[in-house]
Amino acid sequence: MSVDVSQDDGREDRKVGVRRTALVLAGVALMVYAAFIIASVLRS
Amino acid sequence: MSTIAAEVNDHAHDDHGPAKGIKRWLFATNHKDIGTMYLIFSFAMFLVGGLMALVIRTELFQPGLQFVHPEFFNQMTTMHALIMVFGAVMPAFVGLANWMIPMMVGAPDMALPRMNNWSFWILPVAFGILISTLWMDGGAPASGWTMYPPLVLQTGDAFPFLIFSVHLMGISSIMGAINIIVTIMNMRAPSMSLLRMPIFVWTWLITAYLLIAVMPVLAGAVTMLLTDQFFGTSFFLAAGGGDPVMFQHIFWFFGHPEVYIMILPAFGVVSEIIPTFARKPLFGRDSMIYAASCIAFLSFIVWAHHMFTVGMPLSGQLFFMFATMLIAVPTGVKVFNWVATMWKGAMTFETPMLFALAFVFLFTIGGFSGLMLAITPADIQYHDSYFVVAHFHYVLVPGSVFAIMAGVYYWLPKWTGYMYNESLGKLHFWLSTIFVNLTFFPMHFLGLAGMPRRIPDYSTQFADFNMIASVGAFGFGLSQLILIYVLLTAKKGVPATDAVWDNPEGLEWTVPSPAPFHTFDTPPEVLPPLKQEQHA
Ligand code: HEM
Ligand SMILES: [Cu+2]
């Protein structure tokens, strides 16, 4: 089996988009977590 | 290469059904299976949390200490809240999201199906740990679901398990939220523009962003509790130069958006149901989306309305009072739009519509008591009284929980392929509505008369209303047995049509009932017109 480019329906692009969006969101969540702890360290 | 090829022309995918036996559920990646598991888990937690509520109401049936030790009473209020918030209401909405969002946007599944499996299976582990603390030395956590230090640091052996289970719940929610956002942003049928998305999808998109913004804040707060307890830090310990009030700020920076996490998807469900049974397009569709976004934004700048009695500068009191009151504006827009949708509609009152209507009335009562609590000088009187208990139970029970029930009745025929028992559904509705009011309405009077919350005993002047509330609670609990029966016999009725209801809007009604294991393997080319457009 191989990829038939003529029938490319954008699924590959979609997979890249899915990964990119998911990683950005996970990064945001980690940054929020870190930011609140760092801010509390600085304050205490 | 071959793996990509297999996924690209997914013939291999088209014809395989679900796996057999326990593996189907343990290794589930199908959004419908995972949605079903979320809903069943949530219902189980609803029953466990409900039993705890009945322990509370049994003790409060009469003044004096009768049935349980005060320490155990406090464990019940704490565990009841944690289980209902994180185990019942939130997972129910995630279950509805899993089932419906891919079908509503014309996607074959959630964007990240294996992560979806993790998001779900972490939850039974988290709640297994949390519930097991009941049998530990020192008992379950008893500091209230808000976990304020220094009190929470007096928890016995349960303490690290509490923190760990909250971390797990947070991770599960964040992964679920990422999955929902990515599904909506990257997996929509090409012809479905953002503004065309169903309102349920919109409210969940906004909710998922809220989750990603605030669940890490809760995780940070409980991590600091953990290090304060075991690693010698003093973030919140006054003796070490720390500040216990800082915990409250951090907690409520999470906590207030959290209450909107529990109500925005409910707004979405109700906005799907009312147009169907009023047989009119949703009034002010776009303004519904803008109002939900507005509410989400405002929910970040009102947290200190939970802390008026802690003390803050006058300017702070004024800011948080007015910001809180501002939320009434977009909320009013929504209520107005629901009413305007029904105006001159050809209404019928099937069970989902009954629950949705009760939602509009009774959630609004909770909104009004919220407005009263937002008034700083008034709140200084009402704070930590049963008035607050009345407020948040109105928004959460005939609010969020009724919306979940409305959604379950609405989509059940699509899930099972059969109509549920409508007369029993209506009976369930009427009994629930009568008893929910019997339980929670008297709490307004108790609060205004000065009865404090989270106590196992009270002055005799509060006896009558407490007795009424306890009777109501048992009635409400027993009424849920009807729901159990309706769900168990859900496949015994007449077969449902694909549309199920009278010309409802949305892609989910274009697939067969029951919805096949795989839907929209190829995105739908032409979307059905919105009702708005049909009328124009
Ligand atoms: C309509 C706008 C709303 C306003 C103006 C409002 C206002 C308030 C205020 C001022 C308090 C603090 C009372 C006190 O402790 O003295 C409060 C508590 C609470 N509200 Fe609301 N609220 C609103 C909607 C909601 C919604 C939609 C939910 C959830 C679905 C909710 C859930 C809660 C909960 C759980 C508490 C108690 C937290 C605790 O102390 O344990 N509220 N609300
Ligand atoms: Cu709040």
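These legends describe close-up views of chain B in a predicted model.

**View 1. Chain B as a whole is built from helices.** Chain B has 19 helices and zero strands. Its C-alpha trace spans about 65 × 60 × 45 Å along the principal axes. The radius of gyration is 23 Å, which agrees with the value near 24 Å for a compact globule of 536 residues. Buried residues make up 59% of the 536 in chain B. Take the contacts between residues at least 6 apart in sequence: 82% of them join residues at least 24 apart.

**View 2. Three histidines hold the copper ion (ligand 2).** The donors are His256(B) through ND1, His305(B) through NE2 and His306(B) through NE2. Their distances to the copper ion run from 1.8 to 2.1 Å. Along the chain, these donors follow the spacing H-x48-H-H. His256(B) sits in helix H9 (residues 244-261), while His305(B) sits in the loop between helix H11 (285-298) and helix H12 (314-326), so the pair ties together parts of chain B that are 49 residues apart in sequence. His256(B) and His305(B) are both buried.

**View 3. One histidine reaches the iron atom of ligand 1.** His391(B) is the only protein donor of this iron atom. The contact is made by NE2, at 2.1 Å. His391(B) belongs to helix H16 (residues 386-416) of chain B. The copper ion (ligand 2) lies 4.6 Å from the iron atom.

**View 4. The largest cavity has a mainly nonpolar lining, with 11 nonpolar residues and three polar ones.** Two cavities of 30 Å³ or more are counted in the model. The largest encloses about 130 Å³ of space. It is lined by 14 residues, and those closest to its centre are Met90(B), Val94(B), Leu123(B), Ser172(B) and Ser173(B). No charged residue takes part in this lining. Three helices of chain B each supply at least two lining residues: H5 (70-105), H7 (158-186) and H8 (199-230). H7(B) gives the most, with six residues.

**View 5. The second largest cavity is lined by six nonpolar residues.** Its volume is about 40 Å³. The lining consists of Met90(B), Phe93(B), Val94(B), Trp204(B), Leu211(B) and Ile261(B). Polar and charged residues are absent from this lining. H5 and H8 of chain B each supply at least two of the lining residues. The largest share, three residues, comes from H5(B). Met90(B) and Val94(B) line this cavity, and they are also among the residues closest to the centre of the largest cavity.

**View 6. Met79(B) is a buried residue of helix H5.** Its relative accessible area is 0%. Leaving aside residues up to four places away in sequence, Met79(B) touches Met52(B), Leu130(B), Ile131(B), Thr133(B), Leu134(B), Ala140(B) and Pro141(B). Met79(B) and Pro442(B) are 363 residues apart in sequence. In space, their C-alpha atoms are 23 Å apart.

**View 7. Two peptide bonds leading into prolines are cis.** One runs from Pro149(B) to Pro150(B), with omega near 5°. Pro150(B) lies in the loop between helix H6 (113-132) and H7 of chain B. The other runs from Ser513(B) to Pro514(B), with omega near -5°. Pro514(B) lies in the loop between helix H18 (463-488) and helix H19 (531-535).

**View 8. Arg454(B) and Asn503(B) have positive phi angles.** Arg454(B) is not a glycine, yet its phi is about 55°. This residue is placed in the loop between helix H17 (422-448) and H18 of chain B. Arg454(B) has 30% relative accessibility and so counts as partly exposed. Asn503(B), also not a glycine, has a phi of about 55°. Its place is in the loop between H18 and H19 of chain B. Asn503(B) is partly exposed too, with a relative accessible area of 48%.

Notes
Residues numbered from 1 in each chain as written. Chains lettered and ligands numbered in written order. Predicted model: local features only at pLDDT ≥ 70, side-chain atom pairs only at ≥ 80, totals over all residues. Heavy atoms only, no water. 1 Å grid on protein atoms, 1.4 Å probe; cavity = no way out; pocket = protein on both sides within 12 Å on 5 of 7 lines; lining within 4 Å. Points joined across faces, edges and corners; volume = space filled by probe spheres on them. Helix = DSSP H or I, 4+ residues; strand = E, 2+ residues; numbered from the N terminus. Nonpolar A, V, L, I, M, F, W, Y, C, P; charged D, E, K, R; others polar. Buried < 20%, exposed > 50% of the residue type's maximum accessible area, 1.4 Å probe, protein only. Contact = heavy atoms within 4.5 Å. Donors = N, O, S within 2.8 Å, 3.2 Å for Na, K, Ca; no water. Rg over C-alpha atoms; globule rule 2.2 N^0.38 Å.
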